[in-house]
Structure formats: structure tokens, C-alpha cells
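Let's take a walk through this fold together. Have the sequence and the model open side by side, and follow along strand by strand.

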Amino acid sequence: MKKVFLTMTLVFATMIASAQFSVLTTLNEGADSTWNVTDKMGIGYQVNEKLMVGLTMNGEDNYELLGRYSLMNGIWGTCVYNYAKDSE
């Protein structure tokens, strides 16, 4: 049983290590002409060459689901779903 657990752990670690993760953020100018980088931060998982899925959050603990699809060279289609606003 230990060998099966170890093998499954190694397979899972290999799957994650071969994938690409992306860190996402926004850049906003504040009221006093300072720049804020941490208003909206997130992490994305590159599923394949064209598709990325992720999760973003703002400073108020509101989470949003993110999907990005590569249409052409350097052009992406992005969809962000805020489920907290949907429930209001």
C-alpha cells in the first residue's frame, strides 16, 4: 500500500511540475499619484498552449474565477466570473 501511495504522489507531483503557473495582478494609480500593484492579485494554471484557468482576489476577500483562451498570436479572450455578485 505504501508503494501505491508513493507512486501516486510522484505521478501527481510530475503532472504539476510540468504545468505552467502564472501570477496575475493589476496596476492602479491611487489618489495621491502613487501606484498600487496589490489591488487585484491571482494565480493561473496553463492547461495547454491555448487555455489558462485561474483565481483572482481583491483586498476585500472577493474571489473571481478567470479563464483565458489564446485566439491568435498575442490576442486573448478573457472571461472573469464574480460569483459573489451573482448571489446578491
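**Following the strands**

Start with a single pair of residues: the bridge partner of Q20 in β4 is Q46. Bear in mind as you look that this is a predicted model. Now slide along to L24, whose bridge partner in β4 is G42. Both pairs belong to a bigger arrangement, in which β1 (residues 20-25) and β4 (residues 40-46) are paired in the antiparallel sense over six bridges.

Next, turn to the other neighbour of β4. Strand β5 (residues 51-58) runs antiparallel to β4, and seven bridges join the two. Q46 turns up again here: its bridge partner in β5 is M52. So far as the chain path goes, β4 and β5 make a hairpin, with four residues between them.

Now zoom out to the sheet. Five strands make it up, it is open, and the order across it is β1-β4-β5-β6-β7, with antiparallel pairing. At the edges sit β1 and β7 (75-81), each of which pairs on one side only. Direction ignored, neighbouring strands of this sheet are turned by 25° against each other on average.

It's worth setting that sheet against the whole chain, which has two helices and seven strands. Reading along the sequence, you get α-β-β-β-β-β-β-β-α.

For a closer look at one residue, try S70, which you'll find in strand β6 (residues 63-72). Is S70 buried or exposed? Its relative accessible area is 15%, and because anything under 20% is classed as buried, S70 counts as buried. What does S70 touch, once its neighbours within four places in sequence are left aside? The answer is E49, K50, I75 and W76. There's a polar link closer by in sequence, too: the side chain of S70 reaches the backbone oxygen of M72 at 3.5 Å.

Being buried puts S70 in a group that makes up 12% of the 88 residues in the chain. The accessible surface of the chain comes to about 7,300 Å², and 63% of that belongs to carbon and sulfur atoms.

One last number is about how contacts are spread along the sequence. Take the contacts in the chain with a separation of 6 or more: residues 24 or more positions apart account for 11% of them. With that in mind, go back to Q20 and its bridge partner Q46 in β4, and trace the sheet once more in the order β1-β4-β5-β6-β7.

How values were computed: Residues numbered from 1 in each chain as written. Predicted model: local features only at pLDDT ≥ 70, side-chain atom pairs only at ≥ 80, totals over all residues. Heavy atoms only, no water. Pairing = 2+ DSSP bridges. Buried < 20%, exposed > 50% of the residue type's maximum accessible area, 1.4 Å probe, protein only. Polar contact = N/O pair within 3.5 Å; in protein donor to acceptor, adjacent residues only side chain to side chain. Contact = heavy atoms within 4.5 Å. Areas by Shrake-Rupley, 256 points an atom, 1.4 Å probe, with all protein chains shown as cover. Axes fitted to C-alpha atoms, helices over the stretch in contact; angles between N-to-C directions.
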